[in-house]
Amino acid sequence: MSITGKQSECASVTEVRTLKSFSRFVGDRPLPEVTADRVLAFLAGRGPVTRFWERKHSVLAGFYRFAMARGHTNIWPLPRAVPKPTEAFVPYIYSREEIGRLLDAVVLIDHPRCPIDPDTYRTLLLRLYGAGLRLGEALSLTLADVDLEEGVLCVRESKFYKTRLAPIGHDLVRILSQHASRRREGQSAESLWFLTRQSAPVALQHAERVFTPITRQSECRVRRRRAATSASLCMTSVTV
């Protein structure tokens with residue numbers, strides 16, 4: 001039984017994506033022909049051990065248990081021990097004074113070459129701070145996901161592909177209402193909430209790249225983990 005032939009039997013979205021990537025990596029071949037070296041190379045990727053290594057290992061372990069129980073293979077090519085990540089991320093919680101300095105420094109991006117205008121980025125920071133969202137979650141919100149009357153955000157398929165409701169306070173409702181009134185008319189309920197100057201979706205890497213000079217100007221703390229951009233790490237740890 002080939003790897004691609006079994007992908008459709010996995011219900012989880014993350015399992016399907018991981019198995020498709022694994023299939024491309026090892027080629028469409030019978031499971032018994034997939035060696036332990038190839039499996040380890042797929043898990044290792046190109047960098048140090050991360051939580052993503054663990055997730056890939058978990059998906060492949062479940063897949064091979066499924067295959068072995070049905071007689072598709074009798075070989076277990078996965079490593080038995082799961083190494084720990086080389087460096088753990090320590091969350092950093094911004095103080096209200098630091099948030100104020102960050103918001104004041106947003107004017108630095110008021111330049112035509114910056115894809116995100118200051119008002120949009122300021123609203124993004126406040127949404128991260130006021131609702132405790134991850135950066136990717138905030139950028140994925142559509143107009144339909146934001147209920148300003150009830151003061152609730154619907155965060156769809158975020159971590160572990162689960163959907164949750166995030167309540168927001170009156171101050172954030174007021175700020176989001178002001179931002180909504182400045183948006184262009186004629187956009188559907190499925191339009192993303194945060195758009196660039198050219199009305200395109202705000203890419204995560206753009207939001208991260210903009211954050212670095214803002215933290216430098218505001219003299220706020222920046223945490224770095226490996227080669228990752230510090231913006232995404234700091235933003236994901238912002239809470240009230």
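Before I start, a definition: a residue counts as buried when its relative accessible area is under 20%, as exposed when that value is over 50%, and as partly exposed in between. With that in mind, R101, at 26% relative accessibility, counts as partly exposed, and I should say at once that what we are looking at is a predicted model.

Let me stay with R101 for a moment, since its side chain meets that of E97 in a salt bridge, with 2.5 Å from N to O. E97 is partly exposed as well, with a relative accessible area of 48%. The two residues are 4 apart in helix α4, and therefore R101 and E97 are separated by about one helical turn. As a general point, an α-helix has 3.6 residues a turn, so residues three or four places apart point the same way.

A search of the whole structure finds 5 salt bridges, and I will mention two others by name. In one of them the side chains of E137 and R134 meet at 2.4 Å, N to O; here E137 is buried, with a relative accessible area of 7%, whereas R134, at 32%, counts as partly exposed. Salt bridges that share partners join R134 and E137 with R164 into one network.

In the other, the side chains of D119 and R182 meet at 2.5 Å, N to O. D119 lies in helix α5 while R182 lies in the loop between α7 and α8, so this pair ties together parts that are 63 residues apart in sequence. Both partners are partly exposed, D119 with a relative accessible area of 26% and R182 at 49%.

That brings us to helix α5 itself, which runs over residues 118-131 and reaches 20 Å from its first C-alpha to its last, close to the 20 Å expected at 1.5 Å a residue. At the start of this helix, a side-chain oxygen of D117 comes to within 3.1 Å of the backbone nitrogen of D119, and after the helix comes G132, whose phi is positive, near 65°. How many of the 14 residues of α5 are buried? The count is 11, so the helix is largely enclosed by the rest of the structure; among these buried residues are Y121, L124, R127 and Y129.

Now to the nonpolar cores, where the largest has 39 residues, and those with the most contacts inside it are Y121, L124, L133, L153 and I214. Several elements give two or more residues to this core, including α4, β2 and α8, but α5 gives the most, with 7 residues. There is also a second, separate core of 17 residues, which includes L19, V39, L60 and F63.

Finally, the aromatic rings, of which the structure holds 4 pairs. The rings of F25 and F42 have their centres 5.7 Å apart and their planes at 55°, so this pair is tilted. The pair links distant parts of the chain, with F25 in helix α1 and F42 in helix α2, 17 residues apart. F42 is buried, at 6% relative accessibility, whereas F25, at 32%, counts as partly exposed. Ring pairs also bring in F22, linking it with F25 and F42 into a cluster. The ring of F42 has a further neighbour, in that the charged end of K56 sits over it, 4.8 Å from its centre. A similar arrangement is found at F66, where the charged end of R70 sits over the ring, 3.9 Å from its centre.

Terms used
Residues are numbered from 1 along each chain as its sequence is written. This is a predicted model: local features need pLDDT of at least 70, side-chain atom pairs count only at pLDDT 80 or more; totals for chains, interfaces and linings use all residues. Side-chain values use heavy atoms; hydrogens and water are left out. Rings of Phe, Tyr and Trp (its six-membered ring) pair if their centres lie within 6.5 Å; planes under 30 degrees apart count as stacked, over 60 as edge-to-face and the rest as tilted. Buried means under 20% relative accessible area, exposed over 50%, partly exposed in between (1.4 Å probe, protein chains only). A charge sits over a ring if NZ of Lys or CZ of Arg is within 6 Å of the ring centre and within 35 degrees of the ring normal. The expected span of a helix is 1.5 Å times one less than its number of residues. A polar contact is a pair of N or O atoms within 3.5 Å; within protein, one must be able to donate a hydrogen and the other to accept it, and residues adjacent in sequence count only if both atoms are side-chain atoms. A nonpolar core is a set of buried Ala, Val, Leu, Ile, Met, Phe, Trp, Tyr and Cys residues joined through side-chain atoms within 4.5 Å. A salt bridge is a side-chain nitrogen of Lys or Arg within 4 Å of a carboxyl oxygen of Asp or Glu.
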